[in-house]
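Trainee: I would like to learn how to read a structural model step by step, beginning with a single residue and working outward. Could you guide me through it?

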Amino acid sequence: MSAPTAVPAPRAATADTVLEVRDLCIDYGVGAGAVRAVTDATLTLRRGEVLGLAGESGSGKSTLAYGLTRLLRAPGVISGGEVLFHNRPQSSAFGAAPNEVVSAGTEIVDLLGADMAKLREIRWSQLAVVFQSAMHALNPVARIDAQLTDVLKAHRRQMSPTERRERAVELLRMVGISADRLRSYPHELSGGMRQRVMIAMALALEPQLVIMDEPTTALDVVTQREILEELMQLRERLGFAIIFITHDLSLLIELADSIAIMYAGRIVERAGADELFHAPRHPYSLGLLNSFPALHGDRVRMEGIPGSPPSLTALPGGCAFHPRCPYAMDRCRTETPQLVRPVSDPVRTGGEDRVAACWLQDGLQEPPAPLHREATGNGSPATDDTHGSDQ
Ligand SMILES: Nc1ncnc2c1ncn2[C@@H]1O[C@H](COP(=O)(O)OP(=O)(O)OP(=O)(O)O)[C@@H](O)[C@H]1O
């Protein structure tokens, strides 16, 4: 076997980067009673990329997303790390008054260090969040048109009332709702429509990055799929990047470009969606893949993962996954593995090396066959011809 791989440097920021998260740590509480909910999270997101964050309930996905946008509620506190937003406001295809159109170069904003004025400028306009409970986040006593035009009024002050209304109609049309719904109250819309309105509001100012926390979980599967397909079409058209949070890995395999798997507050594997699907490198990723029916491809027996995630107040030593891992070795019980390029994977000449935090991938032994498959890199389910069919 080859020598152990070194911890790779995080992917360097390029002209294409929209977000860099470096060693982000988030605690709930302070002092002796604090529990660490996110440990050393590092991610880089390119413009237009869909990054999926997956992991069981409590793995820290929402905490990571709200932490990096500084929307964490008390007692959540950022205890370390850096989040850099590469702000490049675009010339607007629609909506913005001429004076507000900015097409200058990229400004790197330190989101954790920014003052509230800067944060307000960035949030919603450039970085929008669709929360888990978005369906219930609409104001029940305001009509849809008022809620949409209020966003525009607050952030696009120079738009006239007529322009705002036209934009509201256009936004609704964009998410598949006809203009005659503009005067509706939220309770007059179906759950799917309310969710579409929330997505329209998030996209109203043409953000560069949209964070979606389980945006369609409460919807039936058919509506969920319709909304997600529309969302992907809008992404193609408008070019925003997405961080998509879900516990449903099979959904991410379908729609994400890359995926980060979280377990007990740590990212344990990061890979392209297709390589993760065809050749996972972390036993937890493999377990998650075996826990969900694939939307396409051969039918396989669902195996699931034995046991349940640990409490953050009593994390096992070493690799936190070791008590549930069928391949755990002595070392896994005492030493915490760092993210490394798995021994089976070639060094990438462009783009980001895939990484996994598992001692099986350190090059000192042959990983078990299910974690040692060749990653073809082809046939991404996301670009599959069958995508969208209802198998
Ligand atoms: N307000 C809070 N106070 C203390 N601990 C919290 C708080 N909110 C979340 N946590 C803990 O932080 C951990 C991560 O929670 P988080 O909601 O980020 O996970 P998640 O992966 O998004 O889960 P889900 O899929 O259920 O939303 C959990 O163990 C949770 O109990």
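Trainee: Where is P310 found?

Mentor: Please keep in mind throughout that this is a predicted model. P310 lies in the loop that runs between helix 9 (283–289) and strand 11.

Trainee: Is P310 buried or exposed, and why?

Mentor: The idea is to count the C-beta atoms around a residue, and a residue is called buried if 20 or more others lie within 10 Å of its own, exposed if 12 or fewer, and partly exposed in between. P310 has 18 other C-beta atoms within 10 Å, and therefore it is partly exposed.

Trainee: Which residues is P310 in contact with, leaving aside its neighbours within four places in sequence?

Mentor: Under that condition P310 is in contact with A264, L315, P316 and A320. A264 is worth following, for it sits in the turn of the hairpin formed by strand 9 and strand 10, where two residues separate the strands and A264 itself has a positive phi of about 50 degrees. Y263 shows how sequence and space can be set side by side: P310 and Y263 are 47 residues apart in sequence, and their C-alpha atoms are 9.3 Å apart in space.

Trainee: How should I read the sheet, and in what order do the strands form it?

Mentor: One reads across the sheet from edge to edge, noting how each pair of strands runs. Here seven strands form an open sheet in the order 6-7-8-3-9-10-11, with mixed pairing, and its edges are strand 6 (127–130) and strand 11 (355–356), each of which pairs on one side only.

Trainee: How many bridges join strand 9 to strand 10, and how many join strand 10 to strand 11?

Mentor: Strand 9 is joined to strand 10 by six bridges, and the two run antiparallel, with S258 standing opposite G272 in strand 10. Two bridges join strand 10 (residues 266–272) to strand 11, again in an antiparallel arrangement, where R270 stands opposite V355 and E269 stands opposite A356. Strand 10 is also mostly covered, since six of its seven residues are buried.

Trainee: Which strands does helix 1 touch where it packs on the sheet?

Mentor: Helix 1 touches strand 3 (50–54), strand 7 (209–213), strand 8 (241–246) and strand 9 (258–263), and its direction makes about 145 degrees with that of strand 8. Because seven of its eight residues are buried, helix 1 is largely enclosed by the rest of the structure; among the buried ones are K61, S62 and T63. Just after helix 1, R70 takes a positive phi of about 60 degrees.

Trainee: Which residues come nearest to the ligand?

Mentor: There are 13 residues around the ligand, and Y28, A37, S57, S62 and T63 come nearest. Helix 1 (residues 61–68) supplies the largest share of this shell, three residues, and by class the shell has four nonpolar, eight polar and one charged residues.

Trainee: Which residues have the most contacts inside the largest nonpolar core?

Mentor: In soluble globular proteins, nonpolar side chains tend to be buried together. The largest nonpolar core in this model has 94 residues, and A200, L252 and I261 have the most contacts inside it. The largest share of this core, eight residues, comes from helix 5 (residues 191–203). L252, setting aside residues up to four places away in sequence, touches G52, A54, F244, T246, I259 and A273.

Definitions and conventions:
Residues numbered from 1 in each chain as written. Predicted model: local features only at pLDDT ≥ 70, side-chain atom pairs only at ≥ 80, totals over all residues. Near = placed C-beta within 6 Å. Helix = DSSP H or I, 4+ residues; strand = E, 2+ residues; numbered from the N terminus. Nonpolar A, V, L, I, M, F, W, Y, C, P; charged D, E, K, R; others polar. Core = buried A, V, L, I, M, F, W, Y, C linked by C-beta atoms within 7 Å. Contact = placed C-beta atoms within 7 Å. Pairing = 2+ DSSP bridges. Axes fitted to C-alpha atoms, helices over the stretch in contact; angles between N-to-C directions.
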